[in-house]
Amino acid sequence: MEYNKNSHAIYNIKYHIIWVTKYRYKVLVKPISIRLRDLIIQGCEARNIKMIKGSVGKDHVHMLVSCPPNLSPSKTVQYLKGRSSRLLQEQYPELRKRYWGQHLWARGYFLRAVGNVTEGIVKNYIENQ
């Protein structure tokens, strides 16, 4: 198992994250999707988030990331969605025209913690210490 380290912790926290465009409009076409991928990678590097796997569809984004423990999942998604929306709309006027009010992404998102240790394994480990 691969662990990450920072100054005070050793961790392996992985999340599967999905978010969609507002109204599920299929606006993430070739030049926009490539720029979005680059923006997400830059945002992850800036926050010390390790991108394990990612995919940009025409109306959604899938990511598998490893996050440091000082970043909450909601703040991670908020940062990535907000930054990418703002920068994409600055660069592509057709998005700004379609999404007036600067809301490229739908309000919600899907997030699931990923791991291979079940609750039963953790309970058993704690009981036998």
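User: Hi! By class, what residues make up the lining of the largest pocket?
Analyst: Happy to help: that lining has 8 nonpolar, 3 polar and 2 charged residues. Here Ala, Val, Leu, Ile, Met, Phe, Trp, Tyr, Cys and Pro count as nonpolar, Asp, Glu, Lys and Arg as charged, and the others, Gly among them, as polar. This is a predicted model, where local features need pLDDT of at least 70 and side-chain atom pairs count only at pLDDT 80 or more, while totals for chains, interfaces and linings use all residues. Residues are numbered from 1 along each chain as its sequence is written, and side-chain values use heavy atoms, with hydrogens and water left out.

User: Which residues lie nearest the centre of that pocket?
Analyst: Arg-37, Ile-40, Ile-41, Met-51 and Gly-54, out of 13 lining residues. A pocket is an open set of points on a 1 Å grid over the protein atoms alone where a 1.4 Å probe fits, with protein on both sides within 12 Å along at least five of seven lines; lining residues have an atom within 4 Å of a point.

User: And which element gives the most to the lining?
Analyst: H1 does, with 5 residues. Helices (H or I, at least four residues) and strands (E, at least two) are DSSP runs, numbered from the N terminus.

User: Switching to strands: how do E3 and E5 pair?
Analyst: They pair in the antiparallel sense over 7 bridges. Two strands pair if DSSP finds at least two bridges between them. E4 and E5 also run antiparallel, joined by 6 bridges, and they form a hairpin with 3 residues between them.

User: What stands opposite Met-63 in E5?
Analyst: Ile-17 stands opposite Met-63, and so does Gly-54.

User: Nice. Which residues have the most contacts inside the largest nonpolar core?
Analyst: Met-63 comes up again, along with Trp-19, Val-61, Leu-88 and Leu-95, in a core of 26 residues. Such a core is a set of buried Ala, Val, Leu, Ile, Met, Phe, Trp, Tyr and Cys residues joined through side-chain atoms within 4.5 Å. Buried means under 20% relative accessible area, exposed over 50%, partly exposed in between (1.4 Å probe, protein chains only).

User: One last thing: where is Tyr-23 found, and is Tyr-23 buried or exposed?
Analyst: Tyr-23 is in the loop between E3 and H1, and is exposed, with a relative accessible area of 59%. Its phi is near 65°, a positive value in a residue other than glycine. Most residues other than glycine have a negative phi.
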